[in-house]
Amino acid sequence: MGTFSIWHWLIVLVVVMLVFGTKKISTIGSDLGKAVKGFKEGMKDEEEKPLAAASVPSRMPDKDMANVEAKVKSAG
């Protein structure tokens with residue numbers, strides 16, 4: 001149960017290439033690259049959102065205000 005040597009990894013690589021083929025592996029690699037790029041852009045957008053929201057001051061109700069609902073009386 002030791003660590004894998006370089007020969008183990010080379011054998012695994014050859015088996016994977018035989019099973020999937022080089023075209024499929026390159027497609028998987030490009031798809032993975034696009035996914036990582038999309039993730040980074042999404043994280044960048046999320047970091048910019050709170051800054052934009054924080055710049056707009058929000059109106060907080062005063063402590064002395066009461067929370068009241070208006071009701072309409074029916075004529076009946």
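A residue counts as partly exposed when its relative accessible area falls between 20%, under which it is buried, and 50%, over which it is exposed. Keep that scale in mind for Val 16, whose relative accessible area is 31%, so it lands in the partly exposed class. One caveat up front: this is a predicted model. Here's the quick tour.

**Whole chain**
- The chain carries 2 helices and 0 strands.
- Of its 76 residues, 0% are buried.
- Its accessible surface adds up to about 8,000 Å², and carbon and sulfur atoms own 66% of that.

**Helix H1 and what follows**
- Helix H1 covers residues 6–20, which makes 15 residues.
- At 1.5 Å a residue, you'd expect H1 to span 21 Å, and the C-alpha atoms at its ends do sit 21 Å apart, so the two values agree.
- Right after H1 comes Gly 21, with a positive phi of about 85°.

**Val 16 and its contacts**
- Val 16 belongs to helix H1.
- Leaving aside residues up to four places away in sequence, Val 16 touches Gly 21 and Ile 25.
- That puts the positive-phi glycine just after H1 among the contacts of Val 16.

**The aromatic pair**
- Searching the whole structure turns up 1 aromatic pair.
- The partners are Phe 4 and Trp 9, with ring centres 5.5 Å apart.
- Their ring planes meet at 65°, and planes over 60 degrees apart count as edge-to-face, so this pair gets that label.
- Both Phe 4 and Trp 9 are exposed.

Notes
Residues numbered from 1 in each chain as written. Predicted model: local features only at pLDDT ≥ 70, side-chain atom pairs only at ≥ 80, totals over all residues. Heavy atoms only, no water. Helix = DSSP H or I, 4+ residues; strand = E, 2+ residues; numbered from the N terminus. Buried < 20%, exposed > 50% of the residue type's maximum accessible area, 1.4 Å probe, protein only. Areas by Shrake-Rupley, 256 points an atom, 1.4 Å probe, with all protein chains shown as cover. Phe/Tyr/Trp six-rings, centres within 6.5 Å; stacked < 30°, edge-to-face > 60°. Expected span 1.5 Å × (residues − 1). Contact = heavy atoms within 4.5 Å.
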